[in-house]
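Colleague: I keep meeting words like "buried" and "paired" and I never know where they come from. Could you walk me through the reasoning on one example?

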Amino acid sequence: MKVSELAQKTGLAAINEYKDREIERVYISDMVSDLIASARTNSVVVTLQTHKSLIAAANLAGAAMIVIVNGRKPSEDVVALANRTGIGLFSYDLDSWAFAKKLVNLGFE
Amino acid sequence: MGPCNHEWSICNVRHGYFVEEGCFECGARLSFFSAEPVPPIDKYREGRHYWAYLGSFQTVKFDLKCRACAGIVDLNDVNGLMLSECTDRDCQVGALVHQQGPDSLVYVALCPNTSHPTGKCVSSEGIEALNQYFRAKLAPVGRKVTIVPCKLCNSIDKCRGTSIVDVGLTDIQ
């Protein structure tokens with residue numbers, strides 16, 4: 001499933017300009033440094049972090065998409081860095097569990 | 001038999017704290033990784049230095065293992081990675097950042113003693129393996145990264161960048 005398709009099916013609006021890559025898996029963590037060792041390429045990362053280090057780590061992990069939960073919004077410098085990496089950046093109003101249920105309903109396991 | 005065409009994967013993942021200390025008397029800095037549940041904050045004397053705790057951040061350390069030859073590169077001398085945003089073209093890292101294309105980013109591998117009093121930094125073997133690992137991982141998704149040792153920075157304390165650490169996740173509210 002492409003980033004744009006996942007966004008459309010879960011009702012997300014993009015915060016930045018992104019590359020419409022294929023999503024293959026999910027990683028949920030609020031620990032940014034953990035992404036480097038644990039997240040895999042073509043992941044959607046679900047987190048409540050908004051710091052620029054989130055993009056720095058997700059880039060090394062090869063993530064395709066980041067969904068920031070609890071309605072939190074990243075600052076402009078974070079969005080600018082996400083634009084450079086092509087990672088899709090999205091904000092979701094509810095918590096990680098609510099978004100995880102949507103992903104399960106879309107067939108992610 | 002020719003040299004191995006390494007296929008690196010991450011191994012020996014360790015969770016802990018990146019702890020920074022400073023010397024009261026000369027201003028030197030050092031950092032180390034602590035796997036303790038709570039990072040050490042004691043002051044202590046060591047030779048001419050009197051080290052005091054400056055701060056700590058949660059982080060993850062790892063090594064790299066080759067799937068082809070089973071060789072392991074010990075990355076214990078890497079205390080963390082920092083995305084460089086250096087704009088100083090007189091700095092080797094800044095010059096490299098300036099040369100990169102829009103789809104390429106430079107990361108600095110931080111060694112335990114970023115003032116490099118002995119000239120020692122992250123091993124060249126470690127830097128080479130990190131570059132091979134991340135380039136192989138990111139090439140299929142069209143991204144490029146370059147990892148450089150922190151000894152290439154003119155001054156790591158003044159360098160502009162974003163360290164990949166977690167701040168405040170375990171602080172008592």
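Modeller: Sure, here is a chat about what the terms mean for these two chains. This is a predicted model, in which local features need pLDDT of at least 70, side-chain atom pairs count only at pLDDT 80 or more, and totals for chains, interfaces and linings use all residues. Residues are numbered from 1 along each chain as its sequence is written, while chains are lettered from A and ligands numbered from 1 in the order in which they are written.

Colleague: How do you know what confidence the predictor has in chain A?

Modeller: From pLDDT, which is the predictor's confidence in each residue, from 0 to 100. Chain A averages 95, and 100% of the residues score at least 70. Within chain A, confidence is lowest in H2(A), with a mean of 93, and highest in strand E3 (residues 65-68), at 98. That matters for reading a model, because where pLDDT is low, the predicted coordinates should not be read in detail.

Colleague: What makes something a helix or a strand?

Modeller: Both are DSSP runs, numbered from the N terminus: helices are H or I with at least four residues, strands are E with at least two. By that rule chain B has two helices and nine strands. Along the sequence, they come in the pattern β-β-β-β-β-β-α-β-α-β-β.

Colleague: Why is chain B called as compact as a globular protein of its length?

Modeller: We set its radius of gyration, taken over C-alpha atoms, against the globule rule, 2.2 Å times the number of residues to the power 0.38. Chain B comes out at 17 Å, close to the 16 Å that the rule gives for 173 residues, so the label fits. Its C-alpha trace spans about 50 × 40 × 35 Å along the principal axes.

Colleague: Why is Asn70(A) called partly exposed?

Modeller: A residue is buried if 20 or more other C-beta atoms lie within 10 Å of its own, exposed if 12 or fewer, and partly exposed in between, with C-beta atoms placed from the backbone. Asn70(A) has 15 such neighbours, so it counts as partly exposed. You'll find Asn70(A) in the loop between E3 and H4 of chain A. Asn12(B), in strand E1 of chain B, has 14 and is therefore partly exposed too. As for chain B as a whole, buried residues make up 34% of its 173 residues.

Colleague: What makes the phi values of those two asparagines worth a look?

Modeller: Most residues other than glycine have a negative phi. Asn70(A) has a positive phi near 60 degrees, and Asn12(B) has a positive one of about 50 degrees.

Colleague: How do you know that E1(B) and E2(B) pair?

Modeller: Two strands pair if DSSP finds at least two bridges between them. Six bridges join strand E1 (residues 8-23) to strand E2 (residues 29-34) of chain B, so this antiparallel couple meets the rule. One partnership is Val19(B) with Phe32(B). Five residues lie between the strands of this hairpin, where Gly27(B) takes a positive phi near 80 degrees.

Colleague: Why are E1 and E4 of chain A described as standing at the edges?

Modeller: The sheet is open, with four strands in the order E1-E2-E3-E4 (chain A) and parallel pairing. Strand E1 (25-28) and strand E4 (88-91) each have a single partner strand, so one side of each is left without a neighbour in the sheet. The twist averages 20 degrees from one strand to the next; axes are lines fitted to C-alpha atoms, for helices over the stretch in contact, and angles run from 0 to 180 degrees between N-to-C directions. Four bridges join E1(A) to strand E2 (residues 43-47) of chain A, and Tyr27(A) stands opposite Val45(A) there.

Colleague: What makes two residues a contact between the chains?

Modeller: Their C-beta atoms, placed from the backbone, must lie within 7 Å. The contact takes 18 residues from chain A and 22 residues from chain B. H3(A) gives the most to chain A's side, with six residues. That side divides into seven nonpolar, seven polar and four charged residues; Ala, Val, Leu, Ile, Met, Phe, Trp, Tyr, Cys and Pro count as nonpolar, Asp, Glu, Lys and Arg as charged, and the others, Gly among them, as polar. H3(A) lies across E6, E7, E8 and E9 of chain B, running at about 75 degrees to E9(B).
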